[in-house]
Amino acid sequence: MSDIQIEINKCIEVLENGGLILYPTDTVWGIGCDATNEEAVQKVFRLKQREDSKALICLVANDAMLEKHIEKVPDLAYDLMDLSTKPTTIIYDNPRGIAKNLIAADNTLAVRVASDKFCSYLIGKFKKPIVSTSANISGNNTPNSFQNIDQAILKGVDYVVNLHREKQNSSASSIIRLSNDNTVKVIRE
């Protein structure tokens, strides 16, 4: 079995049991959990010392998983994803089948289709969306490398993925709000 498969199997075991993982995403290192498990999502808020009202990002493996959890994906979303030069998170209206505490007060959800191999495989094999939020205590800087992750975060998760620890990450994803009436608003470039 390859290193990636071993890591994925360990992650899935933790995720299925409502635990938290620390993993390399297509942007920065992230804290992840089963996005359909309300208790697991609550653990992420506690670890980050973050208010529940601050929404978290959800990663999906592909367009099919996106369509399963968003009532109506506007056609424009596919263009934005295809034309984007960096990982892009889109905030959609009317999510479904997701932990209630992941959904913002205005009934929206921030979702990104994972663009790196590890995340795509992991989420595809897990068959459910995974939370992805930067590996920092709320208010602190987002760590751009594994070495800069706070000890409290490292100790607070149930499993730390043993891959890509030397990688330096450039930045977080772009965030775009896309309403069902096709209104587009850039939240973070």
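How much of this 189-residue chain counts as buried? The answer is 50% of the residues. Keep in mind that you're looking at a predicted model. Its secondary structure adds up to six helices and nine strands, and the bullets below walk from the overall shape down to single residues.

**Overall shape**
- A compact globule of 189 residues would have a radius of gyration near 16 Å, and this chain comes in at 15 Å, so the two agree.
- If you boxed up the C-alpha atoms along the principal axes, you'd need roughly 45 × 35 × 30 Å.
- Take the contacts with a separation of 6 or more: 68% of them link residues 24 or more positions apart.
- About 9200 Å² of the chain is exposed, and carbon and sulfur atoms supply 47% of that area.

**The nonpolar core**
- The largest nonpolar core has 55 residues, and the ones touching the most other members are L22, I31, L102, F118 and L122.
- Helix 1 is the top contributor to this core, giving six residues.
- L102 has plenty of company from elsewhere in the sequence: setting aside neighbours within four places, it's in contact with A35, V41, L56, C58, L109 and V131.

**Strands 1, 2 and 6**
- Strand 1 and strand 2 make a hairpin, with four residues between them.
- These two strands run antiparallel and are joined by four bridges.
- Within that pairing, L22 sits opposite I31 of strand 2.
- Strand 2 also pairs with strand 6, again in the antiparallel sense, over two bridges; here I31 stands opposite T133.
- Along strand 2 (residues 29–32), W29 and I31 point one way while G30 and G32 point the other, and all of them are buried.

**Helix 5**
- Helix 5 covers residues 117–126, and its buried residues are F118, C119, L122, I123 and F126.
- Look down the helix axis and those buried residues fall within an arc of 115°, so they line one face of helix 5.
- Two of them, F118 and L122, turned up above among the core residues that touch the most other members.
- What covers the buried residues of helix 5? The cover includes helix 1 (3–16), helix 3 (63–69), strand 1 (21–24), strand 3 (57–60) and strand 6 (130–134).
- Right after helix 5 comes K127, which takes a positive phi of about 70°.

Terms used:
Residues are numbered from 1 along each chain as its sequence is written. This is a predicted model: local features need pLDDT of at least 70, side-chain atom pairs count only at pLDDT 80 or more; totals for chains, interfaces and linings use all residues. Side-chain values use heavy atoms; hydrogens and water are left out. Buried means under 20% relative accessible area, exposed over 50%, partly exposed in between (1.4 Å probe, protein chains only). The arc is that of the directions from the helix axis to the C-beta atoms. Contact means heavy atoms within 4.5 Å. A nonpolar core is a set of buried Ala, Val, Leu, Ile, Met, Phe, Trp, Tyr and Cys residues joined through side-chain atoms within 4.5 Å. The radius of gyration is taken over C-alpha atoms; the globule rule is 2.2 Å times the number of residues to the power 0.38. Accessible areas come from the Shrake-Rupley method with a 1.4 Å probe; for residues, only the protein chains shown count as cover. Two strands pair if DSSP finds at least two bridges between them.
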